[in-house]
Amino acid sequence: MDILLLVKAAILGIVEGLTEFLPISSTGHLILAGSLIGFTGQNASTFEIVIQTGAILAVIWEYRARILSTLAGLFTERRAQKFALNVVIAFLPAAAIGVAFNKVIKEHLFHPRPVAAAFIVGALIILWVEHRHRRLYGARDLEGMRHARIETVDDMTPLDALKVGIAQCAGLVPGTSRSGATIIGGMLFGLSRTAATEFSFFLAIPTLIGAAVYSLYKESSSLSWADAPVFGVGSVFAFISAFLCIRWLLRFVSTHDFTGFAWYRIAFGLIVLATFGTGWLPWHA
């Protein structure tokens, strides 16, 4: 048993859990962190996708009552049917594009330089959306609850879900952030900040589980049971850190906007570009 490898898996699990649901790109952070600590290669990219299931289990646990009530009411309750349909509709665009372009994305975009560029571009979009939100609703109305067309996830229509699903497609680019794309896209399409954040959590369940299953299927020939401890450790630490992050984020969005995350993205992206270009840090291309 390689203890150092397990330590690296734990570190990446913590990174995954802390960044999966924040608008700062978990995939981008995993690629950069893996590059920095020397956790790279074909199996590394599969590991980065599979440990997302640990973070998703944290969402399932946090919202277990809502999920169980939805499943129980699928054949009898209109509210449950509508909610489930919206999640499925929002899931489909990214699923289709992800399957079609998975190989191209992995080959050309899973590297420090494009990830850093995506960090910065995504930050500029967040700043623009937050500026627009303040101009329309006022600086103190952080949630937009008094003005948003959609105050809760139950107010969403199938068309709203499709729009958020299309926005999620931007998250396929490493460094963009799946959660950032869905939350900021949702706000653009009329969801309150809280509704957009919660729907992003629910949409992550089929999206990330589907990505993990697809990745394991595609890379099954290069994996073995010897990889199980590494995947298991990463997933456990992802669950713990994601659970803590979800609880914190739900409180955060009630009183704050996402501007701070945007400035963090810009600073982080510039640091990566500077250190990559000068060779100050051992980023692996």
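Guide: Quick vocabulary first: Ala, Val, Leu, Ile, Met, Phe, Trp, Tyr, Cys and Pro count as nonpolar, Asp, Glu, Lys and Arg as charged, and the others, Gly among them, as polar. This is a predicted model, where local features need pLDDT of at least 70 and side-chain atom pairs 80 or more, while totals for chains, interfaces and linings use all residues. Residues are numbered from 1 along each chain, and side-chain values use heavy atoms, without hydrogens or water.

Visitor: What makes the largest pocket a pocket?

Guide: On a 1 Å grid over the protein atoms alone, a pocket is an open set of points where a 1.4 Å probe fits, with protein on both sides within 12 Å along at least five of seven lines. Probe spheres set on its points fill about 640 Å³.

Visitor: How many residues line the largest pocket, and which lie nearest its centre?

Guide: There are 33, with I49, Q52, L172, T207 and A211 nearest the centre; they count because each has an atom within 4 Å of a point. By class, 15 are nonpolar, 14 polar and four charged. Helix α6 (78-109) gives the most, eight residues; helices are DSSP runs (H or I, at least four residues).

Visitor: Why is a set of residues called a nonpolar core?

Guide: Because its buried Ala, Val, Leu, Ile, Met, Phe, Trp, Tyr and Cys residues are joined through side-chain atoms within 4.5 Å; buried means under 20% relative accessible area (1.4 Å probe, protein chains only). The largest has 45 members, and F21 and V59 are among those touching the most others. Its largest share, nine residues, comes from α10. F21's contacts (heavy atoms within 4.5 Å) include V59, F201 and L249. A second, separate core of 14 residues includes L30 and F231.

How values were computed:
Helix = DSSP H or I, 4+ residues; strand = E, 2+ residues; numbered from the N terminus. Buried < 20%, exposed > 50% of the residue type's maximum accessible area, 1.4 Å probe, protein only. Lists of a residue's contacts leave out its neighbours within four places in sequence.
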